[in-house]
Amino acid sequence: MARPLQGRTIVVTRPRAQAAQLAAGIGEQGGEALLFPLLEISAVADPAPLQVAIDRLDSYALAIFISPNAVDHSLPAILARRPWPKALRPAAIGPGTVNALAAYGVGDVLLPPDRFDSEALLSVPGLQAAAVRRRRVLILRGNGGRELLADTLRERGAQVDAVACYERRAPADASPLQALWHAGRLDAIIISSSEGLRNLVGLLDEEALACLRSTPVFVPHQRIAESARALGLQRVFQSAPTDAGIMAAVSAHDWPRA
């Protein structure tokens, strides 16, 4: 039986450590997954702020992990020093982060019920003013990024420490993608963050940008879709936010006949 992605090359732009499941799904459907991370992840140059937060861990009521990378670059350091405090409630923006926490034995995670972004997390009862006022909240994240969570929780009366435990950098060049476009072998791109999209656009010359604008781009969030369209991308397809949702959208796409 023919598989829907037979003969298609699909670019997966997630950080390499989070790309395996999508790549495997593409392969199972007959496609070829090209891993091209638009965010290169590394440990922070200065671990001192994280060490300070570990020293104070018992004083926090809530610890928010922004991504699986935040888990992988903080929990080993925490658990090397001490067990996870029973009274400290972990929170996550998405199910991938919940799975990463579970791998370290940390459960009972506060998670939005359906949409997975900062706005959705801020809407859950455990992050309302009555729940966080005069309480300490730790946000574990990468360098830079949105300040919405920290700013909103401070407005709600929480004392917030936002600690960068990993760094994100753009890749050096996009020559692998440009070579595929030149050969007519790049069929679609999966982009999982607005920052990654901006990194990609910044790497491309005019010829490659023209190719990007006409390439199917699959995104798991409305905010990324809006960013893509604002940058002139013409074939933007929004999926559900999970790996299964992304794979369903890519597999059901109306691909031209080979």
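Strands E6 and E7 run parallel and are joined by seven bridges. E6 covers residues 136-142. One pair to locate on screen is Val137, whose bridge partner in E7 is Val160. This is a predicted model.

Now follow the chain between these two strands. Helix H8, residues 148-155, makes a β-α-β unit with E6 and E7. The unit is right-handed.

Next, step back to the whole sheet. It is open and has five strands. Their order is E3-E7-E6-E4-E5. The pairing is mixed. Strands of a sheet pair through backbone hydrogen bonds, and the pairing can be parallel or antiparallel. Two strands sit at the edges: E3, residues 40-43, and E5, residues 89-92. Each of them pairs on one side only. Neighbouring strands in this sheet are turned against each other by 30° on average, direction ignored.

Start at the E3 edge. Here E3 meets strand E7, which spans residues 159-169. Four bridges join the two, and they run antiparallel. Ile41 marks the spot: it stands opposite Arg168 in E7. In the sheet order, E7 is thus placed between E3 and E6. Its pairing is antiparallel with E3 and parallel with E6.

Finish at the other edge. Strand E4, residues 62-65, runs parallel to E5. Four bridges connect them. Look for Ala63, which stands opposite Pro90 in E5. In the sheet order, E4 lies between E6 and E5.

Technical notes:
Residues are numbered from 1 along each chain as its sequence is written. This is a predicted model: local features need pLDDT of at least 70, side-chain atom pairs count only at pLDDT 80 or more; totals for chains, interfaces and linings use all residues. Side-chain values use heavy atoms; hydrogens and water are left out. Two strands pair if DSSP finds at least two bridges between them. Axes are lines fitted to C-alpha atoms, for helices over the stretch in contact, and angles run from 0 to 180 degrees between N-to-C directions. A crossover is right-handed if, with the strands pointing away from the viewer, the path from the first strand over the helix to the second runs clockwise.
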